[in-house]
Every structure is written in structure tokens, then in C-alpha cells.
Amino acid sequence: MRTSEYLLATQKETPAEAEVISHQLMLRAGMVRKLASGLYTWLPTGLRVLNKVANIVREEMNKAGAIEVLMPVVQPADLWEESGRWEDYGPELLRVKDRHERDFVLGPTHEEVITALVRNEVSSYKQLPLNLYQIQTKFRDEVRPRFGIMRGREFTMKDAYSFHLTQDCLQNTYDRMYQAYNAIFKRMGLEFRAVIADSGSIGGSTSHEFHVLAESGEDSIVFSDQSDYAANVEMAVTLPPSSTNESPLASECVENSSHSSSHENRLTTIMVKGANEENEEEGWVALVLRAEHSLNEIKAEKLVGVKSPLEFATDTQIKELVGCTASDLGPLGLSIPVIVDHAAAAVSNFTCGANLPGKSIINGNWVDTPVSVDIRNVQAGDPSPDGQGTLSIKRGIEVGHIFQLGDKYSSAMNCGVLSETGKHQTLTMGCYGIGVSRIVAAAIEQNHDKFGIKWPDAIAPFTLALIPMNMHKSQRIKDVAENLYNTLINKGIDVLFDDRKERPGVMFNDMELIGVPHSIVIGERNLDNAQVEYKCRRTGEKQLLSIDDVEDFIAAL
RNA sequence: CGGUGAGUGGCGCAGCUUGGUAGCGCACUUGGUUUGGGUCCAAGGGGUCGCAGGUUCAAAUCCUGUCUCACCGACCA
């Protein structure tokens, strides 16, 4: 590609709206332009990266036995009514009507469509297992789109769905996808981690997320320093203390009018809505943690007796029920059910609120050793749940997620086959997503410097920049540049030939901004020795090459 | 949806308090100059100031309404 025939679209200044570095650089490097909130046009440079990412995903999925299909973005509402998600999905599902007033949705995901397809096309166990995928545009009407392409409303996703007769078979495909995902992110040259994850609203049991590690990541992931254990903070379990606390039988409740909030054995009590076994609202529940720990809301709302989603009591409600403020709440003598975190149950001689205005209890102790549960977030330094090593915490950007769905959709939509014994059997499913467009942004978050993007070779928009110095003044430079360009293009290398009549500095800056990993600079200075200069974007390393060696040198990169 | 802030040429901003009919830098066009790290000079083109209404002789500026966008909180690839 010649810059003179290309839409480079680089900018010196960063648009004010861009907060995170990947968004800023994608705008400045001329990769994307915003059309409306969460909606972006991909310019040529951005699209090149997006396509490279998509192709790696496609190749590895094919290798792993998945088969590509393409489903519509617009889907009939009946399918969503059948699965129950027309009601459940909420306002993120963009609903539209056609000219006949029939309801449709813009697909945020494709479980319904694929399940409807498979129940019609597959009728025998002999056709299983089956793993179908597509790389396609999704639409989710996000409450707050942000970070540019990272959380857009319209985005490109690879979604795969597998169908099986047995759990063993599902596990087998799941493992294969897990391996494929590792291969995909490795090929892209990204630093990533697979972690145990919450399966969220999509449903199902076993689930792993794949995170690109970056300081700016929205998720916290934890992992052991001595084993393979890695999990999203949402899911990382804390262990009950090994030595159960032999607490004194009687509680020595000493009331104290002054809040001694800095006490190291202080307990925090949080009041939330209670629920019966059907998750119908019922009364209140107190959650008790050590003050230095934070509540894990996902763990808490999974508890029987706690309303899901979590609903915190307001100051007024606490006042009405207990007669004090939130900070005066304590576990001792409360008339509502009390749920105690492992760590909180293990302390003795603790300080806590006395459920009286302005009063604290010091040297409090549990009357009966309470049954404790895991409701806090793990902290760096906690022991790893697998018993090996301690945990550390890093930030990650979620770029992939694999689930074992079970029969949630197949039974709701009656998707089954005849088994070997001639009986109808409902299928069990897996689903596997990759945020293709998000990977582009995540890769930048992980690979940039003050000059711009530093693409890993595998997903760079161009592999090589050809930068002639003042070509318009030197026929000799022009000849060498044109020759090299033709040679390298014929070799199948993605070359960006900067044939603009620009000053060297402009060219250097643009090529570094858009992050071309390798460049060749052609100047009079080195041409006298039949040499050109090679520069590596990632390492900054420079070296002189004889013109005749360029072809081989680049091919060997 | 709640909280905060912003809408002025393609981008970054000033002007608004103290109404008088729009300005700067970048980018763009032309000519010259310069040439291994965003040269310099000159001459140009482009905006009725988000939208609607109001006050006024006069509104980017004051008032009302409305739309849009960004940032901070609960969801997700």
C-alpha cells in the first residue's frame, strides 16, 4: 500500500472525549471514527487490524473442529419469547418493529437462533457433537458505552455454540475450546490469563474467562504464585481459617460511648434485603465482615436467604428496624438473621457496633461459634484456595469467555435428537465467545509507548513501513524504494510505502503512531554504501542492511 | 437510571461574567523556502457559535425548554 493512495487519517491532537489510551491512540492513528455513542466506523488501518484478529480466530477455531456459519443480526422476537429472554434480557436488548408491526431484536448474542437451527437440522445422535461458530456484528444497547471500541454498543464478536448428547462430550469440546483460546491469544502475541469465572446471566455452570493483562483493565483477577490457580475476583474463594477459634463462651459485652473505629479487630455489619427460598423478598439479613475486608456481592447474592440482586438497606430503614445508624450496626443481639464471613467468625475480642446510637462493643466475642460462609473478596496475600501458594491480584480486560450451558436453551426450545436407543434426548450445550473488536483495543492497552502503538507482528495493520527520505529530490532513492516495495509486496509482505512528499519527521512520527512493527529507511547517506537502515518499533533497535539483504532479512522476521 | 461537566470551522481551544454580529493553534489550498525526527514565510478557503423559543434596537454572550456527548457508580465479549 502506498500512503498516497491510502486514507492514513492520523491526527496530532487527541479528541477530548477519549479517556483511555487505546481510545486516544485509535483515534489519533486513524483506526476508527465515532458516529454516535458506542458506534464506530472502522477506517482502513483499524479494519486491517480487526481482520487480522478475526482471521487468527477463524483459523484456530477451524483447527479445533468448529465450523463457520453466519446468522442474521435481526432476529424474530418469537425465538426470544420461546427461550424466556424476551422478558429476562432487559433494556440492553434493542427491540424493533418491522413495517407489519412484528417484533424483532438486534441480536446481542445468538443462542436462540443457533438452537432453532440445530433442532431443525440435526435429528440423530450420529450428527453429534457439533460446534458451530460465526464472526459477526452484535448489538447491545449498553447503559453507558465507554472507552471507545472497548465497550461499544455495536461490536464484532466470535461466538461458537456446541451441541452434545452427554456431559463428557461437552467437557471434551470445552477443553478443546480452552486450548484453542490459549492458542489464539498466544498467536496474537498478547500477555493473557485464563481464569475461573462466574457464568453470569447466560446461565450454566463451568466457565472460564480469558483476560488480557493491562493496568487499565476493568476486572481484577487473582492467581496463585505457586500453582495454576487463577480466577476472577468475583469467583475466588476464601478458605475458612484452619484453626477453628475456641472462643470464650460468654460474650463480654462492654459498651463504650466513643467509637473506637481504628481497632484492629473491628467488624463491619451490612444490612441487606432477605429472601425466601424462591428469592421472594422477605425481611432483612445482616452480613458481617472484618472491617479490612470488602463484601463480594456476587457471593452474597447467591446465598439462600439473601435477595438477589443484592439490595442494601437505606439509613432510614436501618433506623426504623434497629434504631441506630449504619455505622452503629453490630452482629450481637440483632433480631434479624446474621450471616458471618469466615474471617469475621474467627476473631475474638472484637470491636463492633452495639446497635445503639453512638455505642460500640469492645472485647466482644461470639456466644456460640457461628457457622461461617465465604462472602468477602480475596485480598493479595490470602492463601490460594487450592492450598498451594498465596494469591496476587492483577488487572485484566476480558476478551474471551467460555461456558458450559447445559440444557438451558435446548430444553426451553426443545432441541434434541434420537439417541442410539431410539429415544428423544435433549442436547446439552456449550458456548464460547471472543470479543474480536475488543481485542484490538486491549492489545493497544498492553502495547503502547509515548510515540504510539507497538503492534505485535501478528495483528499489525502493516508489517513493514518503507520510508524514503526526500524521494522527490533523488531519483536514486526513488528507484531503490520502488524496487524494494515491489519485491516485498510480491513476497506477500504487508508493506506501507510512505511516498508522500513529507519531511522525514512527519513520516517517522506517523509510522510510529500507527505502530508498524518494522521499518526500512532509505536515505542518500547510507545509499552511498548500498545500505538502508532497519528499525524495530518494539525494541528501538536499529541496524544497517545491505540493499540486497533486505528481502531475506524481512522474510526471516 | 442517578451524580458531575461540556456543546463555537475536520481536531484542540479562547470569547460568554461586563450583549454590539466570531477569533487563535493544528489540519486544508496556492506560491516560495527547508530536508534523517511534526521547517519557516506569505497569501487563501472553510463556522451565522447543538436545536427551539423568549428578552432586546441588537444575542455565541441573558432567560426557558429540548437534544447530544463525555466522565464517576450497578452489567458484559
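In the predicted model, a sugar or linking oxygen of RNA strand B lies 2.7 Å from an N or O atom in the side chain of R140. R140 is also listed, together with E13, N470, R503 and E512, among the closest of the 52 residues that surround RNA strand B. A second approach to the backbone of the RNA is made by K34, a polar side-chain atom of which is placed 3.2 Å from a sugar or linking oxygen of RNA strand B. The bases are reached as well, since a polar side-chain atom of D510 is found 3.4 Å from a base nitrogen of the strand. Taken over the atoms of RNA strand B that come within 4 Å of the protein, 42% belong to sugar or phosphate, and the rest belong to bases.

The protein surface near RNA strand B is made up, by class, of 22 charged, 16 nonpolar and 14 polar residues. Several elements supply at least two residues each to this surface, namely strand 8 (154-164), strand 20 (391-406), helix 13, helix 14 (524-527) and strand 29. Of the contributions to this surface, that of helix 13 is the greatest, with seven residues.

Helix 13 spans residues 504-514, and its buried residues are M507, D510, M511, E512, L513 and I514. D510 is thus a buried residue of helix 13 that also has a polar side-chain atom 3.4 Å from a base nitrogen of RNA strand B, while E512, likewise buried, is one of the residues closest to the RNA. The cover over the buried residues of helix 13 includes helix 1 (21-28), strand 25 (452-453), strand 26 (464-468), strand 27 (495-497) and strand 29 (531-536). After the helix comes G515, which has a positive phi, near 85°.

Both I514 and G515 are touched by W455, whose other contacts, leaving aside residues up to four places away in sequence, are M31, V49, V440, A443, I444, A460, P461, P517 and R538. W455 is also one of the residues with the most contacts inside the largest nonpolar core, which has 65 residues, the others being M31, Y181, F185 and M188. To this core, domain 1 (46-236 + 393-445) and domain 3 (464-556) each contribute at least three residues. Another core, of 26 residues, lies apart from it and includes L128, Y409, C415 and C431.

At the level of the whole chain, chain A is divided into domain 1, domain 2 (252-373) and domain 3. The centres of domain 1 and domain 2, taken over C-alpha atoms, are separated by 38 Å, and the contact between these two domains takes five residues from domain 1 and four residues from domain 2. Chain A has 15 helices and 30 strands, and its C-alpha trace spans about 95 × 65 × 50 Å along the principal axes. Of its 557 residues, 52% count as buried. Among contacts in chain A with a separation of 6 or more, 69% are accounted for by residues 24 or more positions apart.

A local example of a buried polar side chain is given by S224, which lies in strand 11 (residues 219-224). S224 counts as buried because its relative accessible area is 5%, under the 20% limit used for that class. The side chain of S224 reaches the backbone nitrogen of Q226 at 3.0 Å, and a polar atom of the same side chain lies 3.2 Å from the backbone nitrogen of S227. Beyond residues up to four places away in sequence, S224 touches Y229, S384, Q388, G389, T390 and L391.

Note on methods:
Residues are numbered from 1 along each chain as its sequence is written. Chains are lettered from A and ligands numbered from 1 in the order in which they are written. This is a predicted model: local features need pLDDT of at least 70, side-chain atom pairs count only at pLDDT 80 or more; totals for chains, interfaces and linings use all residues. Side-chain values use heavy atoms; hydrogens and water are left out. A nonpolar core is a set of buried Ala, Val, Leu, Ile, Met, Phe, Trp, Tyr and Cys residues joined through side-chain atoms within 4.5 Å. Buried means under 20% relative accessible area, exposed over 50%, partly exposed in between (1.4 Å probe, protein chains only). Domain bounds come from an automatic or database domain assignment. Contact means heavy atoms within 4.5 Å. Helices (H or I, at least four residues) and strands (E, at least two) are DSSP runs, numbered from the N terminus. A residue is near a molecule or strand if one of its heavy atoms lies within 4 Å of it. A polar contact is a pair of N or O atoms within 3.5 Å; within protein, one must be able to donate a hydrogen and the other to accept it, and residues adjacent in sequence count only if both atoms are side-chain atoms. Ala, Val, Leu, Ile, Met, Phe, Trp, Tyr, Cys and Pro count as nonpolar, Asp, Glu, Lys and Arg as charged, and the others, Gly among them, as polar.
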